[in-house]
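Please open the model in a viewer and keep the sequence panel visible. This tour proposes a series of selections and describes what each one shows.

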Amino acid sequence: MESASREKSACFTGHRPDQLRGVAADDLRLELQNLIESAVQEGYTTFYCGMAMGTDILAGELAAALREQYPWVRLVAVVPFPEQSRGWPAEWKERYQALLQKCDDAVVLLPRSRPGGYHLRNRYMVDRSTLLIGVYNGAPKGGTAYTVKYAQKKGLEIRLLRPESCRR
């Protein structure tokens, strides 16, 4: 797994479904797909997905679908702890499990949930990437804000969609 070239690796970040209410799902999907496909066309081969509900899973699904056209694309699930999807709605659990099956590799960082587990996951992905792709509303706090700030600190190129650009 660690043989992936950092220069050709990207990771995803973005909001959970509750923060994407009112967003036109088809528009968001298309714009996110365009960002990921552009990265593939620029030579990015490995994509790290944090497997959270919302943007993470959507981006992972889009990257996995691109493998039909670009078979060299690798998708790596970065799971903070095994019970990550416990308590999720059935639809998201199903998408999570289906996406895990499509991943080329999965890294589980902790044996169980603990404070800071999600930040550990986000740092793991950023530390192995040179590009961050995501959906970010600009809020100063939260996991997406943390990941964007950490990626800026680490010098990653950052390509973000604003949810308001995909409003119904």
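How many salt bridges does the structure hold? There are 6 salt bridges, a salt bridge being a side-chain nitrogen of Lys or Arg within 4 Å of a carboxyl oxygen of Asp or Glu. Before continuing, note that this is a predicted model, in which local features need pLDDT of at least 70, side-chain atom pairs count only at pLDDT 80 or more, and totals for chains, interfaces and linings use all residues. Residues are numbered from 1 along each chain as its sequence is written, and side-chain values use heavy atoms, with hydrogens and water left out.

**First selection: one salt bridge**

Select R159 and E42, which form a salt bridge whose closest N and O atoms are 2.6 Å apart. This pair links distant parts of the chain, since R159 lies in strand β6 and E42 in the loop between α1 and β2, 117 residues apart. Helices (H or I, at least four residues) and strands (E, at least two) are DSSP runs, numbered from the N terminus.

**Second selection: the sheet**

Display the strands next. An open sheet is formed by 6 strands in the order β4-β3-β2-β1-β5-β6, with parallel pairing; two strands pair if DSSP finds at least two bridges between them. At the edges are β4 (105-108) and β6 (157-161), each of which pairs on one side only. From one strand to the next, the twist averages 20°. Angles run from 0 to 180 degrees between N-to-C directions, and axes are lines fitted to C-alpha atoms, for helices over the stretch in contact.

Now select strand β3 (residues 74-79), which is joined to β4 by 4 bridges, the two running parallel. Within this pair, A77 stands opposite A106 in β4.

**Third selection: helix α2 and its neighbours**

Helix α2 (residues 55-66) packs on the sheet, where it touches β1 (9-14), β2 (46-49), β3 and β5 (131-135). Contact means heavy atoms within 4.5 Å. The direction of α2 makes about 145° with that of β1.

Add helix α1 (residues 25-41), which packs with α2 at an angle of about 55°, the axes being 10 Å apart. That angle makes α1 oblique to α2, because angles under 35 degrees count as roughly parallel, over 145 as roughly antiparallel, 65 to 115 as roughly perpendicular and the rest as oblique. Among the residues of α1 that meet α2 are L28, L32 and I36, while L58, L62 and L66 are among those on the α2 side.

Then add helix α3 (residues 90-102). The axes of α2 and α3 come within 10 Å and cross at roughly 40°. Here I57, L58, G60, E61 and A64 in α2 meet W92, R95, Y96, L99 and K102 in α3.

**Fourth selection: helices α4 and α5**

Finally, select helix α4 (residues 117-127) and helix α5 (residues 143-153), whose axes come within 10 Å and cross at roughly 35°. In this contact, H119, N122, R123, V126 and D127 in α4 meet G143, Y146, T147, Y150 and A151 in α5.
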